[in-house]
Amino acid sequence: MSEPLQFEGHQPSDPVSLVVRRRIRPGQEAAYETLLAEANALLARLPGHRGTGVIRPVPGEQEYTLLARFDTLTSAAAWELSPERAAWLDRIAPLVDEHVSFEKQPGLDFWFTPPAAATLRQPPRWKMALLTLAALYPVSVSTSWLFGEALKPWLGHYPMPIRAIPQMIVVVLLMTYVVMPAVTRWATPWLRGGR
């Protein structure tokens, strides 16, 4: 059983990645691979699921790592509490050792880990901050112009806190679904480089 999905300073609407490591019993790899494919299919149908990655063991090892990304803590909790997941865990129980590592990575780290990443190691925080700033600046400036000048005839009579709501929605959607996926793909060699 896992801990409830709660992170100090994070909201239920924050993105999260679940990272599960399991040691498979020798000779059970093929059966586990079959059930792993079923889990991936189950996850792909879930609202809020944003990708799955599997890191298979190196020769001589038995540890598999499954990474599942969700757009919100609430979506991840729905998977954790689902009867489909419980039934799947019952089916894999005979295939795995007792050793299980379960991590939850909250926040915007999901921008920096592609779903099929070969490694789960995050880039240095300073690189994530610098790349986010570089990506956010043009988005912020252009949406400020759009909502401050181009749309002023329609939005100008609203107070600034009200005008900021649609602008923030556009910024968050652009950053999450367009800008950061493209920028992190482009900057992958730099992000994976030395610290």
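Student: Let's start with one residue. Which helix does L43 lie in?

Tutor: L43 lies in helix α1. Bear in mind that this is a predicted model.

Student: Is L43 buried or exposed?

Tutor: Go by the relative accessible area; under 20% is called buried. L43 comes out at 1%, so it is buried.

Student: Which residues does L43 touch, once residues up to four places away in sequence are not counted?

Tutor: Skipping those neighbours takes out the contacts that the chain gives anyway. For L43, what remains is H49, T52, A68, F70 and W79. You can also look at C-alpha distances: L43 and R85 sit 42 residues apart in sequence, yet 9.2 Å apart in space.

Student: Okay, zoom out for me. How many helices and strands does the protein chain have?

Tutor: There are 7 helices and 4 strands. Read from the N terminus, the order is β-α-β-β-α-α-β-α-α-α-α.

Student: And what percentage of the 195 residues is buried?

Tutor: Buried residues account for 37% of the chain. For contacts, take pairs at least 6 apart in sequence: 76% of those join residues at least 24 apart.

Student: How do I read a helix for a buried side? Take α2: which of its residues are buried?

Tutor: The general idea first. An α-helix has 3.6 residues a turn, so residues three or four places apart point the same way. Now the case here: in α2, residues 73-80, the buried ones are L73, S75, A76, W79 and E80. Looking down the axis of α2, they fall within an arc of 160°, so they line one face of the helix.

Student: Which residues are buried in α3?

Tutor: R85, W88 and I92 are the buried ones in α3. Their arc around the axis is only 60°, which puts them on the same side of α3. On the other side of α3 you'll find P83 and D90, both exposed.

Student: Next, cores. Which residues make up the largest nonpolar core?

Tutor: The thing to look for is buried nonpolar residues joined through side-chain atoms within 4.5 Å. The largest such set here has 11 residues: I24, Y32, L35, L36, A39, Y64, L66, W88, I92, L95 and V96. The elements giving two or more residues to this core are α1, β3 and α3. Of these, α1 supplies the largest share, with 4 residues.

Student: What does L35 contact, leaving aside neighbours within four places in sequence?

Tutor: L35 is in contact with W88, R91, I92 and L95. Two of the names should ring a bell: W88 and I92 are also buried residues of α3. Now back to the cores themselves.

Student: What else is there besides the largest nonpolar core, made up of I24, Y32, L35, L36, A39, Y64, L66, W88, I92, L95 and V96?

Tutor: That core draws two or more residues from each of α1, β3 and α3. Apart from it lies another core of 10 residues, among them V139, V171, V179 and A187.

Student: What about empty space? How many cavities of 30 Å³ or more turn up in the whole structure?

Tutor: A cavity is a space where a probe fits but cannot get out. The search finds 1 here, and its volume is about 120 Å³.

Student: Which residues line it?

Tutor: The lining of the largest cavity is L18, V20, R22, A39, L43, L66, A68, W79, R85, W88, L89 and F102. Elements contributing two or more of these are β1, α1, β3 and α3. By type, the lining divides into 10 nonpolar, no polar and 2 charged residues. Our starting residue, L43, is one of the lining residues.

Student: Let's finish with loops. Where is P26 found?

Tutor: P26 is in the loop between β1 and α1. At 67% relative accessibility, P26 counts as exposed. The C-alpha atoms of P26 and L95 are separated by 8.6 Å, with their places 69 residues apart along the chain.

Student: And D71, where is that found?

Tutor: D71 is in the loop between β3 and α2. With a relative accessible area of 23%, D71 is partly exposed. Its C-alpha is 6.4 Å from that of H49, 22 residues away in sequence.

Notes
Residues are numbered from 1 along each chain as its sequence is written. This is a predicted model: local features need pLDDT of at least 70, side-chain atom pairs count only at pLDDT 80 or more; totals for chains, interfaces and linings use all residues. Side-chain values use heavy atoms; hydrogens and water are left out. On a 1 Å grid over the protein atoms alone, a cavity is a set of points where a 1.4 Å probe fits but cannot get out, and a pocket is an open set with protein on both sides within 12 Å along at least five of seven lines; lining residues have an atom within 4 Å of a point. Grid points are joined across faces, edges and corners, and a volume is the space filled by probe spheres set on the points. Ala, Val, Leu, Ile, Met, Phe, Trp, Tyr, Cys and Pro count as nonpolar, Asp, Glu, Lys and Arg as charged, and the others, Gly among them, as polar. Buried means under 20% relative accessible area, exposed over 50%, partly exposed in between (1.4 Å probe, protein chains only). Contact means heavy atoms within 4.5 Å. The arc is that of the directions from the helix axis to the C-beta atoms.
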